[in-house]
Structure formats: structure tokens, C-alpha cells
Amino acid sequence: LYFPRFFFLSNDELLEILSQTRDPRAVQPHLRKCFDAMQSADFDEGPPLEEDGDPVVVLVAMNSAEKERVPFSNPVPTAPKSVEFWMCDLENMMRQSLLDLTIAAREAYNDDVRETWFFQYPAAAISTIDQIEWTTNASEAIMTINRGENADGLKDFLDFSVTQIGKMVEVIRTDLNNIQRSVMANLIVIDVHARDVTKRLIRDNVEAITDFAWICQLRYYWDEESVEDQHGVMVRQTNAWFYYGWEYLGVVPRLVITPLTDKCFMTLTGALNLLLGGAPAGPAGTGKTESVKDLGKALAMPVVVFNCSDGLDYKMMEKFFSGLAQAGAWACFD
């Protein structure tokens, strides 16, 4: 199969998609099964392939279940290609559009206009830049201590962070729509965790960016050199590093991160860096799957959750791993 995510669909769903080659809009109900947060796509008519031909149906934007609309950088034509080929183009354009919008959000970011900036770009771009800015500012605060310029660099940064959170709370109390409220709630969860991390750094007397208390955090860096390769953001934790995946996540709620979640993330990122997997163990309902999914959201990686039954055999596993290896996705076998 040319489009690897088709491996995650049942035979009936796959037949239904592949049989609708004449009408691209018939794929709409199945988008959610291939892209976790893409509820639907917006179709439009593009220029015809031939002078006297019919206009080509093109995809111009994607919509999440929360009704967030993200326009594509360029329209995705559905002809003359068959469905599995233009679905690959759709996946590529999803990533490129989110990268382009994040670049625009980064250029527009300014502490003075932060309260209005939140709602000018998709939630994914806003949360990514928010985390990059926190990493940059915290690193600079630690380096001012290291250089002997400001012994209270981290304390000053903590005051700055608390002030920013206070302003965000004021914004969320205003008259917002559902998407804007969800965006703000997610950012507050992320920023409150970042504030707690800053307090921990002060408590541990961190004085250099090589101190373990700092490098064990999930840190986001802008990487200009990898923009051409559709990366742009590098995520680091301890010795591990990953390129941001640019999977579209919609406006999904993020987990409140506890010290135990941090340890779980550190173990999993360390394992992934060594090309290993992870197997969180514990009683039912304690958040093992949700923690793995949340780490996937933090790195913008596609995560496929598969509930295993007694009927699972090696042939199904073979099909599943074929899709995972080609799509670069993560999987949870529950």
C-alpha cells in the first residue's frame, strides 16, 4: 500500500475508500480513522487538467472535531492521482501547513501582544511556540547565573512566568468561544507545569544548563537548519532528542503533568533514543495509555491505540507493524 495508514483500517473500511475513486468527497467519513484529529476536510474546485475538462476537486483546509479550521499552505489536488496517492499528499500538506503557520506565529510573537496573539494561529502552533519561548527564556536565566551576571536570574524568570499566567487567567475570564477557551486551558496547564519546573530548578540551585535538574526536562528548541526538511523544532530530554512530528492534534486537552509523569516521559524518551520500546505497567485505570498518548502529543507524533483481544494473531500483528514502520507512528497495545 502506498499510504501506510491504511494498514490501521479494517478490510471493509479500506474497500469502501478504495472503491470511491471517482468521488474524493466520499473519503470524508474515513479521515478521522487515518488522522486522529482531522474530523473533515474542506473541498473546493481547482483549475482543470485540460482546457475543456472539468475542474479538479482540491482540498484547501482541515477541520478538527472542535471545529478548528486550519487552511493549507497550498491546495491538494485529488486528480489525476488515485486516492492512496493524494492521501499521502494530504498528510504531507498537513505537516507543511502546521510548520508554515508555526513559523508565522514565531515571527508574530511578542510579550507585549501575547494576549491577542493566542487566537491568531492554530492551537498547535501557539502551544509549540509557547514551549520554545519558555525553554529559551529559562536557558537564558540559567546562563546569566552561570556567567555571574545575575544570581537571581531564575527567581526573576519565575516572577515573569507567574505574571504571564496571571494575564492568561484574565484572558480566560473574558467572553471567549469554545475553541479559544480550550486553547487557553491547555496553555495554562503547560505554563503552570513550566512554573513548577522553574521552582524546582531554584530549589535545586541550578547554575548551569548541563545540570541534571535542567536537562531532564522536556525542552523545545527552534532549529532553523531543519526547516527545509519539514522539521524546524527539536525536542530534547536528557541525552535523547527528537524532531517535532507536526501531526495535527486539534484542540485536545493536555494531561496535568505530575513528577511521576515526568519520570515516565524520561524513561520512554530514553528508550526511544536507544531504538527501544516502553511497557508502562500498573493497575487498570491509572493512566498508562493516556500518558503515552500525551507524550505523543508533546512530540506531535501519531499514536495508534489498539485494544488487543484473544483473536489477535501473528498475521494481524504483521499487518499492524507494516503500517507502523512505514508511517513512523507509535502504537499502544492494550
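**Exercise 1. Find which residues Lys-297 touches, leaving out residues up to four places away in sequence.**

Solution. Step 1: with contact taken as heavy atoms within 4.5 Å, Lys-297 touches Tyr-244, Leu-249, Val-252, Pro-253 and Arg-254.

Before going on, a word about the model. It is a predicted one, where local features need pLDDT of at least 70, side-chain atom pairs count only at pLDDT 80 or more, and totals for chains, interfaces and linings use all residues. Residues are numbered from 1 along each chain as its sequence is written, and side-chain values use heavy atoms, with hydrogens and water left out.

Step 2: place Lys-297 in the chain. Lys-297 sits in helix H10 (residues 288-298). Helices (H or I, at least four residues) and strands (E, at least two) are DSSP runs, numbered from the N terminus.

Step 3: look at accessibility. Buried means under 20% relative accessible area, exposed over 50%, and partly exposed in between (1.4 Å probe, protein chains only). Lys-297 has 16%, so this residue is buried.

Step 4: compare sequence with space. Lys-297 and Gly-245 are 52 residues apart in sequence, and their C-alpha atoms are 9.2 Å apart.

**Exercise 2. Work out where the buried residues of H6 lie around its axis.**

Solution. Step 1: check the helix itself. H6 (residues 153-172) has 20 residues and spans 29 Å from first C-alpha to last, close to the expected 28 Å. That expected span is 1.5 Å times one less than the number of residues.

Step 2: pick out the buried residues. Among them are Leu-154, Phe-157, Leu-158, Ser-161, Ile-165 and Met-168.

Step 3: find their side. The buried residues of H6 cover an arc of only 135° around the axis, which puts them on the same side of the helix. The arc is that of the directions from the helix axis to the C-beta atoms. As background, an α-helix has 3.6 residues a turn, so residues three or four places apart point the same way.

Step 4: see what lies over them. The cover includes helix H4 (114-117), helix H5 (123-146) and helix H7 (178-203).

**Exercise 3. Describe the sheet formed by S1, S2 and S3.**

Solution. Step 1: get the order. The three strands form an open antiparallel sheet, ordered S1-S2-S3.

Step 2: find the edges. S1 (40-46) and S3 (69-77) each have a single partner strand, so one side of each is left without a neighbour in the sheet.

Step 3: follow one pairing. Two strands pair if DSSP finds at least two bridges between them; S2 (residues 56-63) and S3 have five, in the antiparallel sense. Val-58 stands opposite Pro-77 in S3.

Step 4: add the helix. H3 (residues 83-108) lies across S2 and S3, at about 135° to S3. Axes are lines fitted to C-alpha atoms, for helices over the stretch in contact, and angles run from 0 to 180 degrees between N-to-C directions.

**Exercise 4. Trace salt bridges, beginning with Lys-33 and Glu-13.**

Solution. Step 1: apply the rule. A salt bridge is a side-chain nitrogen of Lys or Arg within 4 Å of a carboxyl oxygen of Asp or Glu, and the count comes to 17.

Step 2: take the pair. Lys-33 and Glu-13 form a salt bridge at 3.4 Å, N to O. Lys-33 lies in helix H2 (residues 31-34) and Glu-13 in helix H1 (residues 11-18), so the pair ties together parts 20 residues apart in sequence. Lys-33 is partly exposed, at 41% relative accessibility.

Step 3: look for a network. Salt bridges link Arg-5, Glu-91, Arg-95 and Glu-247.
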